[in-house]
Structures are given as C-alpha cells and as structure tokens.
Amino acid sequence: MPSYAFPDRYVAAAAVLLTTVVLPPPAAAKRADAAKRHPAAKSTTGLNFSAAFPFDWCVADKKGKGPPSKFQIFLEESLVRVLIGEEPANWKVVAENYLDGYHIPIAHPALVRLLDYKRYEADIHDHWVWFEAPHREEPTDNWIVRLYSKIVQPMPGLSADDLRVWRYVFIYPNTILDIYPDQMNTWVIRPTGVDSSHDHYECYRPVHNSLRTRVAQRLNLRLNTIVAHEDIDLVRNVQTGLGTRDYECGPLSERDAALAWFADRIRGDLGL
Ligand SMILES: [Fe+2]
C-alpha cells in the first residue's frame, strides 16, 4: 500500500502554491467584481465558484445530475453567523483531517454517538468529495446527540430522507460545505504560514425557524463546536509530529480514499 504523506518541503511548497489559488475574501464588492470579470462564475454563500466547478451539480445531486437543488433554501439570504479562527497547522494538515473519516470513532466520542460510522461513505469526483454520514438508528450516551436526534426536523425543501444524515462536501483545494437537515455551514481554509491556517466559517439557516428547530440548531452548533476543538488539538499534534525526526509516513486504508485523492491532486498541481 503506497503512502500519501508528504515530506515537509512539499508541505511548505503546497502552502505557497495555495496562497496563489485560494479565492478572495467574500466581500460583496469583490464578489460583484469577480462576477463581472468571470461571467460564468457562481457567487453564493459568500463564495465565488469558478465555472470549472459545477457547484449546481454538486448541490443538486451527489452524482452530478438531478433536479434543481433542494438545498437552495440554504443559499438564499439567510446568513446568521460568521466565525473567524486560526489553526496551529498547515493548511494541508487541516484539510487532511477533514477528509479522513478514520479518526472519527477515536477522536470524536460525542459525534460517533450520532453517526453510524460503518455506513460513512466518501464519493470521490475530480474536483470534490461528497461524504454521506448516516445517523445511528438510536443515538445513545450523549444528551446533546439524543436531544438533537429527537427534535431535529427537515427544513422546507428537504424530506425525511434528508433527516438522518449529515453530508459534507470538500471542494479542492480548500473549501468545505457542511450540509445538515437544519442548517448549512461553509468553511474556507487559507494558508497563512507553513504551520498556520486561517479559517472563515459561515452558517446559513432558513429565514424563519420554529422554536424547536432553533433548539436543534443550537445543539448542532454545540456538538460541532466540541468536534472542532477536538480537531484543532489533533491537527496541532500532527503538525508537531511532522516537525520531528521520528515522523514516518503510514499506509492508507480503503476508508482513506479521500486522502489519497487529495494527495494525488496536490502532486498533480505541483508536477510531482
Ligand atoms: Fe475530526
């Protein structure tokens, strides 16, 4: 089994490369300007998507086909929260952590009470990966998860099929969509140094929500804040490990296909 981890010098090179290709800050004026310069680009959820990325396809259907997006409701004027953060790790380490589902049962004890990891799947495309994370039949042992599962309802436009699954989309090289039954988050990871990254999160919700749904959204946020703190600790430790002489590349399992895809994409862009 080949290893896909990079030596440090390639991590540094990738960080430099990414600083040249990440999208500009999502200020309205800049979005309008980008749309004028690139008429085929899509501008939504505060992000500019180049014509090369079939955003509508991705959101419409994970296979790239299908009717207009039922998630369109999340892409309207319903931005409710912006979070800015820094992570003590290279952009590639942060992205790999997101792409790796293998660490979920070990690193996220609350999240794994909600997700049925055996049914966790990654659907890999040329430019993005779509993750399906179905929920357990009966979440247990964590009050946040139990209560969230009990009260969450599908938002307008969604169906019962969308209720017991969390979906994640990683768009190469640094953009993420978290699609939940009750809200949708975007996350852009921008490299700021060899061992640091800047995070820009935005949370989108329907304009009108019932009290029950607002409670579910708060529980979702609370659970994912716990997960985020666990991931920050993880990437900090991985970054520290990368800087030691004892670091060795390990093999990837079949469950790590998204990691292999990501490394191959970077290798291709760097001409390695
Ligand atoms: Fe994680």
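1. Helix 8 of this predicted model contains 32 residues, and the distance from its first C-alpha to its last is 46 Å. That is close to the 46 Å expected at 1.5 Å a residue. Helix 8 covers residues 211-242. Its buried residues are T213, A216, Q217, L219, N220, N224, V235 and Q239.

2. Helix 7 (residues 143-151) packs against helix 8 at an angle of about 145 degrees, the axes being 9 Å apart. The crossing of helix 7 with helix 8 is left-handed. On the helix 7 side the contact uses I144, V145, L147, Y148 and I151. These meet R212, V215, A216, L219, N220, R222 and L223 of helix 8. Sorted by class, this contact has nine nonpolar, one polar and two charged residues. Of the helix 8 residues named here, A216, L219 and N220 are also listed as buried.

3. Helix 4 (residues 91-99) also packs against helix 8, with an angle of about 130 degrees and axes 10 Å apart. Helix 4 and helix 8 are therefore oblique to each other. Helix 4 passes helix 8 in a right-handed crossing. V93, V94 and N97 of helix 4 make the contact with D231, L234, V235, V238 and Q239 of helix 8. The contact comprises five nonpolar, two polar and one charged residues. V235 and Q239 of helix 8 are among the buried residues of that helix.

4. Helix 4 has a further partner in helix 9 (residues 257-270): their axes come within 8 Å and cross at roughly 150 degrees. An angle over 145 degrees counts as roughly antiparallel, so helix 4 is roughly antiparallel to helix 9. The crossing is right-handed. A95, E96 and L99 of helix 4 contact A258, L259 and F262 of helix 9. Five nonpolar residues and one charged residue form this contact, with no polar residue.

5. What span should the 14 residues of helix 9 have at 1.5 Å a residue? The expected value is 20 Å, and the end C-alpha atoms of helix 9 are 20 Å apart, which agrees. The residues A258, L259, W261, F262, A263 and I266 are buried in helix 9. Among them, A258, L259 and F262 belong to the contact with helix 4. After helix 9 comes G271, with a positive phi near 65 degrees.

6. L111 lies in helix 6 (residues 111-114). Is L111 buried or exposed? L111 counts as buried because 21 C-beta neighbours are inside 10 Å, against a cut-off of 20 or more. Setting aside neighbours within four places in sequence, L111 contacts I104, L223 and V227. L223 is also one of the helix 8 residues that meet helix 7. L111 and V145 are 34 residues apart along the chain, with a C-alpha separation of 7.7 Å. V145 is one of the helix 7 residues in the contact with helix 8.

7. P105 is placed in helix 5 (residues 104-107). With 14 C-beta neighbours inside 10 Å, P105 counts as partly exposed. Apart from neighbours within four places in sequence, its contacts are V112 and Y117. P105 and L115 are ten residues apart in sequence, and their C-alpha atoms are 9.3 Å apart in space.

Methods:
Residues are numbered from 1 along each chain as its sequence is written. This is a predicted model: local features need pLDDT of at least 70, side-chain atom pairs count only at pLDDT 80 or more; totals for chains, interfaces and linings use all residues. Axes are lines fitted to C-alpha atoms, for helices over the stretch in contact, and angles run from 0 to 180 degrees between N-to-C directions. Helices (H or I, at least four residues) and strands (E, at least two) are DSSP runs, numbered from the N terminus. Angles under 35 degrees count as roughly parallel, over 145 as roughly antiparallel, 65 to 115 as roughly perpendicular and the rest as oblique. A crossing is left-handed if the near helix is turned anticlockwise from the far one by less than a right angle, and right-handed if clockwise. Two residues are in contact if their C-beta atoms, placed from the backbone, lie within 7 Å. Ala, Val, Leu, Ile, Met, Phe, Trp, Tyr, Cys and Pro count as nonpolar, Asp, Glu, Lys and Arg as charged, and the others, Gly among them, as polar. A residue is buried if 20 or more other C-beta atoms lie within 10 Å of its own, exposed if 12 or fewer, and partly exposed in between; C-beta atoms are placed from the backbone. The expected span of a helix is 1.5 Å times one less than its number of residues.
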